[in-house]
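Work through the exercises below with the sequence and the model open. Each task is followed by its solution in steps.

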Amino acid sequence: MDQFTHTNGRLHCEQVPLDALAGEVGTPAYVYSATTMRDHATRLKEAFAGLDPLVCYAVKANSNLAVLELLAKAGCGFDIVSGGELARVLLAGADPASVVFSGVGKSEAEMKAAMEVGVLMFNVESEEELDVLGAVATFLGEKPGVAIRVNPDVDPKTHRYITTGKKENKFGVDLDRGEALARRALAHDHLTLRGIQCHIGSQITDVAPYAEAVARTRDLALRLKADAPHLEYLNMGGGYGIFYKDEKAPAFSDYAEAIRPVVADCGLKLVMEPGRIIVGNAGVMLTRVVFNKTSGAKKFVIVDAGMNDLLRPSLYEGYHRMWPVVGEPPPPLGEEGDHDPVDVVGPVCESGDFLAQNRPLPTMVRGDLLAVMSVGAYTAVMGSNYNDRPRPPEVLVDGDRYAVVREREKHADILGNERPDAPYRAIGEATEGDAS
Ligand SMILES: *Cc1c(COP(=O)(O)O)cnc(C)c1O
């Protein structure tokens with residue numbers, strides 16, 4: 001469910017008409033619905049009522065500070081993957097005791113920073129990581145919480161780039177090694193085994209692999225529990241799929257129904273790390289048509305947003321619905337009717353720079369406004385300055401008001417770190433003052 005509706009001949013986000021908003025903030029721009037984000041966080045918790053899960057929103061999906069603040073207020077903890085994300089959630093007012101730290105390549109500096117503020121758990125993904133974490137903890141005299149990330153070897157049948165729970169990818173350790181790794185954590189004087197975690201992939205639209213993965217992870221946790229007095233958490237990760245095109249994305253209640261019997265009465269507290277399902281359908285990107293062009297039989301609509309603003313189509317064949325903001329409301333999926341298929345492309349100098357290919361769309365002319373749907377997750381965060389393009393603003397809408405929660409980048413911001421007249425120096429010549 002989201003808050004984007006076509007009324008009075010134009011698309012609205014909540015009560016804000018998006019053509020008028022584009023007139024005030026310019027294009028391209030990302031627009032998020034605060035109500036949708038809040039509602040998703042609340043309804044996810046409600047679906048699992050009784051299990052009282054700790055919902056750790058996966059910051060990497062959309063890390064805007066205003067979004068994090070809103071979700072912290074809605075009762076979310078956070079799943080972070082870097083020291084930068086740690087700094088962000090702290091700025092947003094997160095309680096470190098509800099923060100879990102994931103990722104295959106944490107640096108010692110990141111471990112130290114997270115230990116010092118007292119995050120709930122580090123999700124540990126390898127033997128070497130556990131040893132380094134133990135060494136850092138010993139040095140600091142800390143006893144951080146640890147969860148072992150296991151790979152339950154189930155196939156979530158999602159795109160190959162975003163599958164993570166099979167044996168042959170870089171995340172986690174298999175169940176047998178997971179048990180050995182957990183025992184190694186237990187034996188360490190400066191580590192506290194708090195949980196077992198799995199995360200099997202992203203944009204998964206079937207609940208069955210979850211039930212299977214969580215059951216396998218639970219069994220391992222229960223095998224360890226007798227020897228692990230602090231083992232309290234069963235972390236099932238994130239990855240819940242959303243509706244981009246014609247997927248049958250399960251409802252929160254479908255997940256809850258499948259998972260509840262697996263975790264109820266097992267004596268462990270459920271942790272979740274949802275990203276996309278909280279924010280994905282809460283955002284649109286507004287972009288204007290720059291030119292129309294035909295090339296042989298092909299029709300191109302060139303818009304002012306490119307792959308640097310929305311990478312998902314180029315990176316993993318991501319599909320985003322799109323429709324003109326003003327005019328006829330969008331028809332039901334699959335009924336785009338007689339409209340000619342066009343390629344919607346950006347201004348970036350790459351053939352891979354497209355937002356949609358062979359998409360039936362009404363005829364648009366220079367200056368028309370197009371809304372690209374479901375860009376609340378993995379979009380602004382993946383943006384880049386390729387082709388020296390300033391990043392678009394992020395706008396949060398709540399009811400009939402809006403706030404520009406990230407300003408449009410300026411060329412000066414992009415150029416700010418460049419030093420064309422920096423002196424050349426030999427290795428070792430840098431003085432402490434100018435070493436960076
Ligand atoms: C990316 C990620 C998530 C969130 O995934 P979504 O598909 O956005 O729900 C959760 N946990 C871990 C460890 C991740 O890497």
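**Exercise 1.** Describe how the sheet of three strands is ordered and paired.

Solution. The three strands make an open sheet, ordered 1-2-3, with antiparallel pairing. Strand 1 (4-7) and strand 3 (16-17) each have a single partner strand and stand at the edges, so one side of each lacks a neighbour in the sheet. Strand 1 pairs with strand 2 (residues 10-13) over four bridges, and T5 has H12 as its bridge partner in strand 2. Strands are DSSP runs of E with at least two residues, helices runs of H or I with at least four, both numbered from the N terminus; two strands pair if DSSP finds at least two bridges between them.

The model is predicted: local features need pLDDT of at least 70, side-chain atom pairs count only at pLDDT 80 or more, and totals for chains, interfaces and linings use all residues. Residues are numbered from 1 along each chain as its sequence is written, and side-chain values use heavy atoms, leaving out hydrogens and water.

**Exercise 2.** Locate D309 and decide whether D309 is buried or exposed.

Solution. D309 sits in the loop between strand 15 (298-303) and helix 11 (312-316). Its relative accessibility is 0%, so D309 counts as buried (under 20% relative accessible area; exposed is over 50%, partly exposed in between; 1.4 Å probe, protein chains only).

**Exercise 3.** Find the distances from the ligand's oxygen atoms to K60 and Y378.

Solution. For K60, a polar side-chain atom lies 2.8 Å from a ligand oxygen atom. For Y378, a side-chain N or O atom is 2.5 Å from an oxygen atom of the ligand.

How values were computed. Polar contact = N/O pair within 3.5 Å; in protein donor to acceptor, adjacent residues only side chain to side chain.
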